[in-house]
Amino acid sequence: MRVLVVGRGFSGSLVSLLLADKGFDVTSADPNPVIPHCTGIVSRRFVYTLGIDHLILTEPQRLIINIGRKEVLIEAPKKAAVIDRERLDEELREASEAAGAKVIKKRVKEITPEGHALIDSREKYRRIIDAEGAKRSLVKRFFGELETFPGVQIDAYAERDDEEVLIDLNVPGLFGRIVPLGDNKARIGVATRKNHRKYMRRLMKRAGFKEEISRRGGLVVVSGPRGGLHKGKIMLVGDAAGVPKPLTGGGLAFGLHNAIVAARNVEDPKRYEREYMRIMGPEYRTQRILRTAKDLSRLAPPIGFILLHLASKISSRLDMDFRSGIRTYPSEDISRIRSYL
Ligand SMILES: Cc1cc2nc3c(=O)[nH]c(=O)nc-3n(C[C@H](O)[C@H](O)[C@H](O)COP(=O)(O)OP(=O)(O)OC[C@H]3O[C@@H](n4cnc5c(N)ncnc54)[C@H](O)[C@@H]3O)c2cc1C
């Protein structure tokens, strides 16, 4: 079966790897894989599952959440890690090639539900997997738009405690955050609809900002899957499918799950959508409710403070990725991925 994968970011590379490993005839196209706009925070379980300890930059032990004028401290030892996201994507790209995926370093200009793709010329594929990211420019006309927040983040030299992540809920929209990168560096970012500069300045001050190293921006997806996950011969995966967590916009944990379910069902797109939503539907609903609660907390900080305080008491029992119940990834697919990393 001839499959075209559009995009060689995290999701596209994962799907290409799994399909090429199963013997599908995979071509993956990307003119120039983007350097990911990603803070790199993942659960310790994600790191353990993929066997990517070598990509850990820091392992924060505490979470401080700012709300109104108050702060809540949540002890979270061994829960989260900050990973080298750029390197992770590079390793996955190398792995997908090692598994046999062919690479075209070109932009896909058009795809259709009938299976046509325009790169240099128009060609037909049995399946097109669209992993083009949050803008989903190629497929917007078939699936509509996703709800996103524009995010900005800078890496900077700063006086930060390497054990501490700060989440600022006073930033309207999604978040403001300061994440330690080690070696006196921090990643400072906001995802909001306006006044990025104002909120960034506030966080830079709080981070003990000294000097900027680099700056990036990108869209953080919060809608959850919208408009379906397939149409005709097209299947959507990753950010293009809207899979990141509605609560935080984190896309890697659910993206891994999504890529596995997509690769397993490449011959039956309807089953892909059904299976993914059966497992993850309750999770998206739970996280949407939690985000609404978070937004309301911002309007009434004293109530938000009490809620957060209660949450901090049970935080050791909360799973960082899956709020509605612990899930495990299908182990044979994981061991296939691990054997290449
Ligand atoms: C500011 C910010 C912070 C984030 N922080 C975190 C975090 O801490 N933890 C976490 O889990 N997630 C985080 N995320 C989300 C995470 O980065 C995304 O979920 C993840 O990058 C999605 O991977 P993807 O492969 O689906 O898409 P992308 O990484 O966007 O990759 C899409 C690829 O498709 C290519 N492409 C696009 N159009 C075409 C075309 N026409 N033809 C060929 N190729 C094309 C692009 O060049 C790109 O390489 C963050 C996102 C943002 C914006």
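Here are three short exercises, with worked solutions, on a predicted model.

**Exercise 1.** In what order do the six strands of the open sheet stand, and which strands are at its edges?

*Solution.* Let's start with the pairs.
- Strand E2 (residues 25-29) runs parallel to E8, with three bridges between the two; one checkpoint is Ala29, whose bridge partner in E8 is Ile104.
- Strand E1 (residues 2-6) is joined to E12 by four bridges, again in the parallel sense. Here Val6 has Asp130 of E12 as its bridge partner.
- E12 and strand E19 (residues 234-236) are also parallel, over three bridges, and Ile129 is matched with Met235 in E19.
- The full order is E8-E2-E1-E12-E19-E18, and the pairing is mixed. Strand E8 (102-104) and strand E18 (230-231) are at the edges; each has a single partner strand, so one side of each is left without a neighbour in the sheet.

**Exercise 2.** Take strand E12 (residues 127-130): which residues point one way, which the other way, and are they buried or exposed?

*Solution.* First sort the side chains: Arg127 and Ile129 point one way, while Ile128 and Asp130 point the other way. Then check burial: all of these residues are buried.

**Exercise 3.** How many residues surround the ligand, and how do they divide into nonpolar, polar and charged?

*Solution.* Step by step:
- The ligand is surrounded by 38 residues, and the closest are Gly7, Gly9, Gly133, Gly238 and Gly251.
- Elements that each supply at least two residues of this shell include helix H1 (10-21), strand E13 (148-158) and helix H6 (252-264).
- By class, the shell holds 16 nonpolar, 17 polar and five charged residues.

Note on methods
Residues are numbered from 1 along each chain as its sequence is written. This is a predicted model: local features need pLDDT of at least 70, side-chain atom pairs count only at pLDDT 80 or more; totals for chains, interfaces and linings use all residues. A residue is buried if 20 or more other C-beta atoms lie within 10 Å of its own, exposed if 12 or fewer, and partly exposed in between; C-beta atoms are placed from the backbone. Two strands pair if DSSP finds at least two bridges between them. A residue is near a molecule or strand if its C-beta atom, placed from the backbone, lies within 6 Å of it. Ala, Val, Leu, Ile, Met, Phe, Trp, Tyr, Cys and Pro count as nonpolar, Asp, Glu, Lys and Arg as charged, and the others, Gly among them, as polar.
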